Amino acid sequence: MKLLKKIRGRHVLLPWIIPGSFFLVWMAVSGADLVPHYLLPSPVKIIQTGYSYICASPGDSPYAGRFLTDAGASLTRVFSGFLLAIVFGLPLGVLSGRLAVVYGLLNTFINGLRAVPGITWLPLAMVWFGIGMKTTVFLVSLAAFFPIYLNTAAGTRQISARLLQAGAMMGVNRLRGTFGILLPGSMPHIMTGLRLGLGISWAYLVLGELTGVPNGLGAVIMDARMLGRVDMIVVGMILIAMVGRASDGLLVKSLKTCFKSARRMI
Amino acid sequence: MKDVVTRELLKAEAHPEQPVLEVINLTKHFEVNGTSISVLEDLSFSAGIGEMVCIAGRSGCGKTTLLNILAGFLKPSDGTVLVNGEPIRKPGPDRCVVFQEDTLFPWLTVRENIGFGLKRRAKDKRRLNEEVDRFITLVGLGDFQHYLPQEISGGMKQRVAIARVFILQPQVLLMDEPFASLDYYTRREMQNLLVSIWRDLGQTIVFVTHDVDEAITLADRILVMDRSTGRIREEIELTLPRPRRAEQTDYVFFRRKLFELL
């Protein structure tokens, strides 16, 4: 039961039980040579490759020291696309949640568009934007748009009419009502939309980068596959998981720092 | 005694014959599945400066509809509502509402909720803070001013709801069964609190209720609404002194009369 002990109300060890045991099994499997190393490299090898990828000086080996450049390129793409998705998704979501006309105008079109899997856009995006930054940003923003739009619309639609009436009787006009009541009142939904959007951004980032761009975390994985460096593929995957998880945490943290409603209602 | 004098003075200073709130031939129909249902029919009444008017009626008689029209949330089918002689157009801080349900902003503290309406108008931050302090004290929430609505009881929430509208000094205060969901003791407590704040500030109040005792405890005048016709059936002046107690002979008399009418 010591494992379940909490420090300041948070479980310390509990979240690490599954990754930890997974790691141990992996150690055992590769130590006993049950699976050939070219299919599943040993954890030690992964750590070595990861260390060299992140910390070694560039030029020592094919992937040494490239992490910062790759992560920088990927983050730029993810955030550009994500930002674009917010710029379109949030206002359209609010309008469609509150105005029946906008809902009627957009709903069929957007849901039709949403039914097309994001991957299907890849060939068209490559024709339109070529290989690289533009295609990736396009795919990321397209994919992230839907959860942001849908959740914002749902959030602004479900807000109690009485809250808006209370604002109106205290002399709040439409503009201040939107920023002072509607958006804070929908914050839990909006936050869910943004988090889902950011999560899917990472998925589409990798898709966009698989098309042969020179740098980026997704590009490294694809490059490593062609060179048969399974260890590097695994390192890339783990790093994407870590950076993705960190960016989600950062998103939640910055929303909570900036908005009372995010801090107090979630 | 002082507050009565102030109110008399106010009355004389303003137009003594003009009521604050005038409702003239108000009619409201709702269209339901193609048939028109009449909720309010040719309803007229008025409320003077500093008067507490209770509108009593069984549920479904159109009390809340009436209040929604007075607040400007609903448009009447016919008739006019005047505040200080001006017809109303949309919701505004001259006619504030205390709702039956909880309509505090859950992301704001007690203090921020109370200051919400005033913040928009106040230029001077220090004055705003003093004013908010005064009303927090008035409703007795000094120790809870930094709590969130979800952390306080139902009675306290209604105290906040009362403070946030009294602070705006509306011409007319509209109250839609604000204490209906509270337990008996809290309800009595809130009624006394309301009477004491009202006597301090001399606001005109229209208070909607289905509770006979509540109406007799609070009102200067009770308008009894008729469920079937959507009109005012009877108007009762209450001359009882305050605080009113259920043992008083007159109280019992009015109580019996109201029960017969409702």
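pLDDT is the predictor's confidence in each residue, on a scale from 0 to 100. That is a handy place to begin, since what you have in front of you is a predicted model. For chain B the mean pLDDT is 89, with 94% of its residues at 70 or more. The exception to keep in mind is the stretch of residues 1-6 of chain B, where the pLDDT is below 50. Beyond near neighbours in sequence, this stretch has 4 contacts in the model. Where pLDDT is low, the predicted coordinates should not be read in detail. For the model as a whole, the scores are ipTM 0.87 and pTM 0.86.

Let's turn to chain A. Its secondary structure consists of 12 helices and 2 strands, and if you walk from the N terminus you meet the two strands before the run of helices. The C-alpha trace of chain A spans about 70 × 55 × 30 Å along its principal axes. Chain A has 266 residues, of which 36% count as buried. Among the contacts in chain A with a separation of 6 or more, 67% are between residues 24 or more positions apart.

How do the two chains meet? The contact draws 16 residues from chain A and 19 residues from chain B. On the chain B side, the elements that give two or more residues are β6 (95-98) and α3 (110-121). By type, the chain B residues that touch chain A divide into 13 nonpolar, 3 polar and 3 charged.

Between β6 and α3 of chain B runs a loop, and L108(B) is found there. Is L108(B) buried or exposed? A residue needs 20 or more C-beta neighbours within 10 Å to be called buried, and because L108(B) has 21 inside that distance, it counts as buried. Leaving aside neighbours within four places in sequence, L108(B) is in contact with N113(B) and F116(B). L108(B) and P149(B) are 41 residues apart in sequence, while their C-alpha atoms are 7.6 Å apart in space.

Chain B also holds an open sheet of 4 strands, in the order β2-β1-β4-β5, with antiparallel pairing. Strands β2 (35-47) and β5 (86-87) of chain B are at the edges, each pairing on one side only. Further in, β1 (residues 21-32) and β4 (residues 78-83) of chain B pair in the antiparallel sense over 5 bridges. To see one of these partnerships, find I24(B), whose bridge partner in β4(B) is T80(B).

A helix of chain B comes next. Helix α2 of chain B (residues 63-71) is largely enclosed by the rest of the structure, because 7 of its 9 residues are buried. The buried residues of α2(B) include K63(B) and N68(B), along with L66(B), L67(B) and I69(B). Just after α2(B) comes G72(B), which takes a positive phi of about 95 degrees.

Finally, look at the largest nonpolar core, which has 126 residues. Helix α6 of chain A (residues 133-158) gives the largest share of this core, 13 residues. The residues with the most contacts inside the core, however, are C54(B), A163(B), L174(B) and V206(B). V206(B) makes a good spot to end the tour: setting aside neighbours within four places in sequence, V206(B) is in contact with L21(B), A47(B), V53(B), I55(B), L70(B), V172(B) and L174(B). One of these, L70(B), is also among the buried residues of α2(B).

Key. Residues are numbered from 1 along each chain as its sequence is written. Chains are lettered from A and ligands numbered from 1 in the order in which they are written. This is a predicted model: local features need pLDDT of at least 70, side-chain atom pairs count only at pLDDT 80 or more; totals for chains, interfaces and linings use all residues. A residue is buried if 20 or more other C-beta atoms lie within 10 Å of its own, exposed if 12 or fewer, and partly exposed in between; C-beta atoms are placed from the backbone. Two residues are in contact if their C-beta atoms, placed from the backbone, lie within 7 Å. Ala, Val, Leu, Ile, Met, Phe, Trp, Tyr, Cys and Pro count as nonpolar, Asp, Glu, Lys and Arg as charged, and the others, Gly among them, as polar. Two strands pair if DSSP finds at least two bridges between them. A nonpolar core is a set of buried Ala, Val, Leu, Ile, Met, Phe, Trp, Tyr and Cys residues joined through C-beta atoms within 7 Å.
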